[in-house]
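Here is a brisk report on one protein model. Look over the sequence and the structure first, then read on.

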Amino acid sequence: MEWKKLIDENDAQPFNEKLSQISEALGNHFSKPEENISLMGGKIGVAIYYFYYARFTGDDSYADRAVDMISEVFDAINNGFTYHTQAGGLAGIGWVLEHLVQSGYLDTDTNEILEPLDPYLYKAMMHEIGNKHYDFLHGAVGIGSYFLHRLTNPNAKTYITELVDKMAEIAHKDDDGAMKWESVLNIEEGNKGYNLSLSHGISAIIAFFAKVIEADIHKEKTTALLEGSVKYLLKNRLDRSKHLSNFPSWIDDKQEKAHSRLAWCYGDLGNGLALLQAARSIGNKDWEKIAIDILVDSTSRRDVKENMVIDAGLCHGGAGIMHIYNRAYNYTGLDIFKETALYWAQETLKLARFEDGYAGFKAWHTEKYGGWLNEAGLLEGVSGIGLAFISLLADIEPGWDRCLFIS
């Protein structure tokens with residue numbers, strides 16, 4: 001699609017300065033051997049940032065850095081790295097390689113590199129879904145997303161078809177035809193329910209089914225599953241006169257439905273994006289109107305504290321919110337999304353308040369997991385923040401956000 005930048009040269013200086021600081025921080029951080037090679041938190045995700053920054057600035061030295069990092073990633077794989085997930089493993093690494101080649105950032109034969117990994121990832125995907133672990137970031141749907149980018153492999157369509165069939169087998173179906181998939185909501189407590197999120201839940205399933213339909217794979221069955229899953233999502237919409245959000249984060253019979261935060265990972269933004277993709281995959285204008293209404297409604301939510309916006313990362317921070325509204329503007333042309341994206345752009349700049357942070361940014365974790373930490377990666381760190389800033393400043397279509405089901 002033709003991408004419209006939101007910020008012109010007159011207002012670009014603070015964002016350009018942040019991008020320069022991010023690039024410097026990443027260069028310093030990765031000057032030493034780095035163990036994490038993953039998409040969401042490690043080297044391969046940082047490589048995406050460097051490629052986009054090279055295209056944005058016209059400075060090929062950043063692309064050279066990215067190529068070096070990719071070489072280090074595959075050195076680790078050749079030395080025995082076998083973890084399989086989209087967020088932390090081989091599926092995410094393979095997704096990146098396909099994206100970079102298909103988007104013209106790299107010139108290489110992905111079949112030569114990835115075909116040896118595909119049978120292993122297929123087995124891992126079927127093992128995960130056999131255990132009813134569909135999770136996008138950490139389970140079967142994430143590996144399915146990888147195979148949607150591997151359609152040059154003639155087996156990929158078969159792999160995806162088998163995953164869809166297994167998803168149908170494990171679905172819980174309500175009397176009204178709504179379809180849902182159970183998952184563990186809290187690992188420590190072990191309680192189960194129905195997660196609605198784009199990061200781990202049913203919205204990710206909806207987005208995945210939409211992409212399967214767009215790829216013209218197993219279309220009749222996938223469309224039926226899509227319709228059932230959308231029905232379940234919509235029947236759990238909250239009364240906005242009584243709640244802060246349109247949707248809860250999950251459905252748990254043990255507690256009342258509670259409002260969700262404003263973020264990519266949980267809540268209305270992810271739910272609305274998934275519904276919009278579903279609508280467009282089958283041409284359902286009613287769903288499309290509901291999706292846009294949900295996203296427009298969310299633009300009124302600007303209280304940082306009330307909406308649990310603590311840091312700047314893509315996952316649950318200011319840059320993620322900003323980028324989703326940027327994507328919504330480019331999808332719809334509605335000025336409210338442009339204006340809201342620019343609002344969150346300024347809020348994101350304000351979150352760069354740490355003298356010892358990467359470009360002033362730190363990511364918040366609970367105290368149990370370290371509190372405020374410097375993060376380089378794509379999902380929670382400065383690589384993702386930088387990519388979102390580039391998407392404000394340049395007419396470069398941000399295809400990288402497909403790894404988050406934002407597009």
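**A first salt bridge**

E9 and K5 join their side chains in a salt bridge, 3.2 Å from N to O. The term salt bridge stands for a side-chain nitrogen of Lys or Arg within 4 Å of a carboxyl oxygen of Asp or Glu. E9 is exposed, with 62% relative accessibility. K5 is partly exposed, with 36%. These words have cut-offs: buried is under 20% relative accessible area, exposed is over 50%, and partly exposed lies in between (1.4 Å probe, protein chains only).

**Ground rules**

The model is predicted: local features need pLDDT of at least 70, side-chain atom pairs count only at pLDDT 80 or more, and totals for chains, interfaces and linings use all residues. Residues are numbered from 1 along each chain as its sequence is written, and side-chain values use heavy atoms, with hydrogens and water left out.

**Overall build**

The protein has 15 helices and 7 strands. Helices (H or I, at least four residues) and strands (E, at least two) are DSSP runs, numbered from the N terminus. Along the principal axes, the C-alpha atoms fill a box of roughly 55 × 50 × 45 Å. The radius of gyration is 20 Å, which agrees with the value near 22 Å for a compact globule of 407 residues. That radius is taken over C-alpha atoms, and the globule rule is 2.2 Å times the number of residues to the power 0.38. Of the 407 residues, 58% count as buried.

**More salt bridges**

How many salt bridges does the structure hold? The count is 21. Side chains of opposite charge can pair when their charged atoms come close. Three of the pairs are listed here.

| Pair | Closest N to O distance |
|---|---|
| E9 and K5 | 3.2 Å |
| K221 and D165 | 3.2 Å |
| D356 and K362 | 3.0 Å |

Take K221 and D165, which form a salt bridge. K221 lies in helix α10 (residues 219-235) and D165 in helix α8 (residues 156-170), so the pair ties together parts that are 56 residues apart in sequence. K221 is partly exposed, at 35% relative accessible area. D165 is also partly exposed, at 23%.

The salt bridge between D356 and K362 has a lysine that is covered: K362 is buried, with a relative accessible area of 16%. Elsewhere, D174, D176, K180 and K235 are joined into one network by salt bridges that share partners.

**Surface patches**

Which residues gather in a patch of negative charge on the surface? They are D59, D60, D64 and D68. Patches are made of residues with over 30% relative accessible area and no salt bridge; like charges are joined within 9 Å, and nonpolar side chains (Val, Leu, Ile, Met, Phe, Trp, Tyr) within 5 Å. Asp and Glu count as negative, Lys and Arg as positive, while His and the chain ends are not counted. The place of a charge is NZ of Lys, CZ of Arg, CG of Asp or CD of Glu. D68 sits in helix α3 (residues 60-78). Its relative accessible area is 48%, so D68 is partly exposed.

A nonpolar patch on the surface is formed by V296, L334 and I336, with about 180 Å² of accessible area together. Accessible areas come from the Shrake-Rupley method with a 1.4 Å probe; for residues, only the protein chains shown count as cover. V296 is placed in helix α12. V296 is partly exposed, at 30%.

Helix α12 (residues 285-298) also holds I292. I292 is buried, with a relative accessible area of 17%. I292 and L334 are 42 residues apart in sequence, and their C-alpha atoms are 9.7 Å apart in space.

**Loops and a buried helix residue**

M308 is not a glycine, yet has a positive phi of about 60°. M308 is in the loop between α12 and α13 (318-332). M308 is partly exposed, at 34% relative accessible area.

A359 has a positive phi of about 55° and is not a glycine either. A359 lies in the loop between α14 (335-350) and β6 (363-364). Is A359 buried or exposed? A359 is buried, at 10% relative accessible area.

I324 belongs to helix α13. I324 is buried, with 0% relative accessibility. The C-alpha atoms of I324 and S407 are separated by 9.3 Å, while the two residues are 83 residues apart along the chain.
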